[in-house]
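Grab a pencil and work through these exercises with the model open beside you. Each one sets a task and then walks through the solution.

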Amino acid sequence: MKVIVVGYGIQGHKRFKVAGEDAVGIVDPVAPEANWRRLEDVPIDRFDAAIVCTPDSPKIELLRHLLERGKHVLVEKPLFAANGDDFRALEALARRTGALCVTAYNHRFEPHFVRMRDLLQSGRLGSVYRCRMFYGNGTARLVRNSAWRDTGDGVLGDLGSHLLDTVRFWFGDVADGFRIVSAERFENRAPDHVVIAAEGRPQIELEMTLLSWRNYFTCDVFAEHGSAHIESLCKWGPSSFIHRTRVLPSGRPPEESQILVQDDPTWALEYAHFKQLCEARTETDLSNDIWLHRALTRLGREIQAGNAA
């Protein structure tokens, strides 16, 4: 498969490297390494697929251009549109031309995230009561210095989209019942520290921040027959996964733990998965993007309106 990378920023560099010999060119308006300045300039017979790593605003038009020409697309998260109907139109277009459109959520390929999903699906935890996730990095100053990043709903769309997608990866088609607990602008114009939550079973609490001076992820799942815990990601390793089995009526639980010390495998795994989907002629399904767009748009409006619990 011959691939072009559209947008050669930080993510574009990563994606180009992972694509290896498949990568045949770069589209970017300013990067010195770019082969073309505009997507329209790329000869249509030079590539089979595109990896779109641009800011959010031009994505829909770029995807429409590619899908109309039957080109497969892996687009960086989140997939936003001014009009929610654009998703159904893109989905219909992709199905008509036989192209695949997939939004990249590389944390679905994090080994401990897969381990958590498998444990939840096994039923060994029983009824799940509560899930709490924290995702933080220290990029507040970098974001503030960016004209396009320190805008809108800030960290909610950036790290929050990962957390909400992970909720669906683990728990399936959960209801969109999230509310804003707090949304702070400690250093930036846009929110740089946000907490959202959803009631029901499981209760879910998601905290995201640009003010964690050491990059950090942690998750705790508490359930009827035990608990499960993730600390850190492979890219920041070491990362650990612990499954504790409840002792009744109480007592120190036996635990199984795995600690990984390895390079981040998620980018290569996600690209390989994308290629497999293309080869299998998998039909485009944007239902996850539609759910995420609806949730993030509503929460973003609540932040703008100053609504918090």
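**Exercise 1.** Work out whether Cys131 is buried or exposed.

*Solution.* Start with the scale: buried means under 20% relative accessible area, exposed over 50%, and partly exposed in between (1.4 Å probe, protein chains only). Cys131 has 0% relative accessibility, so it counts as buried. Next, look for a disulfide, meaning a pair of cysteine sulfur atoms within 2.5 Å. Searching the whole structure turns up 0 disulfides. For Cys131, the nearest cysteine sulfur belongs to Cys219 and is 4.2 Å away. For Cys234, which isn't in a disulfide either, the nearest is again that of Cys219, at 15 Å. Cys234 is buried too, because its relative accessibility is 4%.

A word on the source: this is a predicted model, where local features need pLDDT of at least 70, side-chain atom pairs count only at pLDDT 80 or more, and totals for chains, interfaces and linings use all residues. Residues are numbered from 1 along each chain as its sequence is written, and side-chain values use heavy atoms, leaving out hydrogens and water.

**Exercise 2.** Find which strands stand at the edges of the open sheet.

*Solution.* First lay out the order of the 8 strands: 7-8-9-6-10-11-12-13, with mixed pairing. (Strands are DSSP runs of E, at least two residues, numbered from the N terminus; two of them pair if DSSP finds at least two bridges between them.) Strand 7 (179-184) and strand 13 (255-260) each have a single partner strand, so one side of each lacks a neighbour in the sheet. Now go inward: strand 6 (residues 128-136) and strand 10 (residues 216-223) pair antiparallel over 8 bridges. Tyr135 has Phe217 in strand 10 as its bridge partner.

Technical notes:
Helix = DSSP H or I, 4+ residues; strand = E, 2+ residues; numbered from the N terminus.
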